[in-house]
Amino acid sequence: PWVLDAKNETERKNRLGVLFDLDRMGREFALSEKELQKRQTVNGGWSWFPGMPESWYITQHIVAGMGHLDHLNVKSVRQNPDTWNMVQKAVQFIDGEAERAYRDLIKYKVNLDANNLSYLIVHYLYARSFFTDVELNPEYKTSFDYWMGQAQKYWLGNSKYMQGMIALALNRQERGDNKTAFAIMESLKQNATRNPEMGMYYKDNAGGWYWYQAPIETQALLIEAFNDVTKDEQSVEDMKVWLLKQKQTQ
């Protein structure tokens, strides 16, 4: 926003220069890493604000963010021992939360064959998929397999955002279900709207109050899915057009 607030084109260019100053970005990244390390609790989670209980969602949000950086080959994620230790502890924390959710189903005698997927569980499978090399506690294998099975079985009843996350999660597992992942991507492709001006998009991709009702993030996530799962370059380029149009109009 502060780039748009610049008084003239010269000032705007100067501010963009600051934004893309690699040295500054490097320093700020290092400071952010240290801040995250400082705020992580002993059991691996993060809270919304210091002093509050750990948040399952916020921790997953950070895990997914670190996963994106790792996916972009930001070496610090794995080569900085403190950062890599922080990431592994966070992954183990969200594994434990998914296990607890599974145990709650059993405790309250919920029908395990019914659709028990939640937005948080789908987000967990997606965030976890960035770090398949972080060992899963053997005690959690039953719950993890259950949630993966739920995703395979009930993906169609979810929003486009969740479907993209499920496709990526299934595709990234070492012995993942590529068949279902490809079926999801084919469904997403068939249900998309296309035109020369707006590119490729989804009419039902509407905004709302919740984190999973974010049109820009949904489109970006689906671009990630078309790029990583099916390597569909044409769909990726067409979907970028819609993103650029949002930039122009909003």
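Start by selecting Asp-95, which sits in helix α5. The model is a predicted one. With a relative accessibility of 2%, Asp-95 counts as buried, because the cut-off for that label is under 20%. Show its surroundings next: beyond the neighbours within four places in sequence, Asp-95 is in contact with Tyr-124, Arg-128, Leu-136 and Tyr-140.

From that list, select Arg-128. This residue belongs to helix α6, which covers residues 119-129. Is Arg-128 buried or exposed? Its relative accessibility is 5%, so it counts as buried. Follow the side chain of Arg-128 outward and you arrive at the backbone oxygen of Phe-131, at 2.7 Å. Among the contacts of Arg-128, with neighbours within four places in sequence left aside, are Val-91, Val-134, Glu-135, Leu-136 and Phe-144. Asp-95, the starting point, is on that list too.

Now select the whole of α6. Why can this helix be called largely enclosed by the rest of the structure? Nine of its eleven residues are buried, so the rest of the structure largely encloses it. Colour the buried ones: Ile-121, Val-122, His-123, Tyr-124, Leu-125, Tyr-126, Ala-127, Arg-128 and Ser-129. To see what covers them, display helices including α3 (56-71), α5 (81-107), α7 (141-154), α8 (160-172) and α10 (215-228).

Stay in α6 and pick Leu-125, one of its buried residues. Not counting residues up to four places away in sequence, Leu-125 touches Phe-144, Trp-147, Met-148, Ala-151 and Ala-169. Leu-125 also leads into the largest nonpolar core, a set of 61 residues. The members that touch the most other members are Val-87, Leu-125, Phe-131, Trp-147, Ile-166, Tyr-202 and Phe-226. Which helices supply at least two residues each to this core? They are α3, α5, α6, α7, α8, α9 (178-190), α10 and α11 (233-249). The most comes from α5, which gives eleven residues. In soluble globular proteins, nonpolar side chains tend to be buried together.

Leave the core and go to the surface, selecting Leu-16, Leu-19 and Phe-20. Together these form a nonpolar patch with about 270 Å² of accessible area. Leu-19 lies in helix α1, residues 9-19, and is partly exposed at 38% relative accessibility. Next select Met-25 in helix α2, residues 22-39. Which residues does Met-25 contact when neighbours within four places in sequence are left aside? They are Leu-19 and Phe-20, both of which belong to the patch. Met-25 is itself partly exposed, with a relative accessible area of 41%. For a distance label, join the C-alpha atoms of Met-25 and Gly-208: they are 32 Å apart, and 183 residues separate the pair along the chain.

Finish with two loop residues. Most residues other than glycine have a negative phi. Select Lys-109, in the loop between α5 and α6: its phi is near 55 degrees, a positive value. Lys-109 is exposed, with a relative accessible area of 75%. Then select Lys-231, in the loop between α10 and α11. The phi of Lys-231 is likewise positive, near 55 degrees, and at 59% relative accessibility Lys-231 counts as exposed.

Notes:
Residues numbered from 1 in each chain as written. Predicted model: local features only at pLDDT ≥ 70, side-chain atom pairs only at ≥ 80, totals over all residues. Heavy atoms only, no water. Patch = residues over 30% accessible without salt bridge, like charges linked within 9 Å, V, L, I, M, F, W, Y side chains within 5 Å. Areas by Shrake-Rupley, 256 points an atom, 1.4 Å probe, with all protein chains shown as cover. Salt bridge = Lys/Arg side-chain N within 4 Å of Asp/Glu carboxyl O. Helix = DSSP H or I, 4+ residues; strand = E, 2+ residues; numbered from the N terminus. Buried < 20%, exposed > 50% of the residue type's maximum accessible area, 1.4 Å probe, protein only. Polar contact = N/O pair within 3.5 Å; in protein donor to acceptor, adjacent residues only side chain to side chain. Contact = heavy atoms within 4.5 Å. Core = buried A, V, L, I, M, F, W, Y, C linked by side-chain atoms within 4.5 Å.
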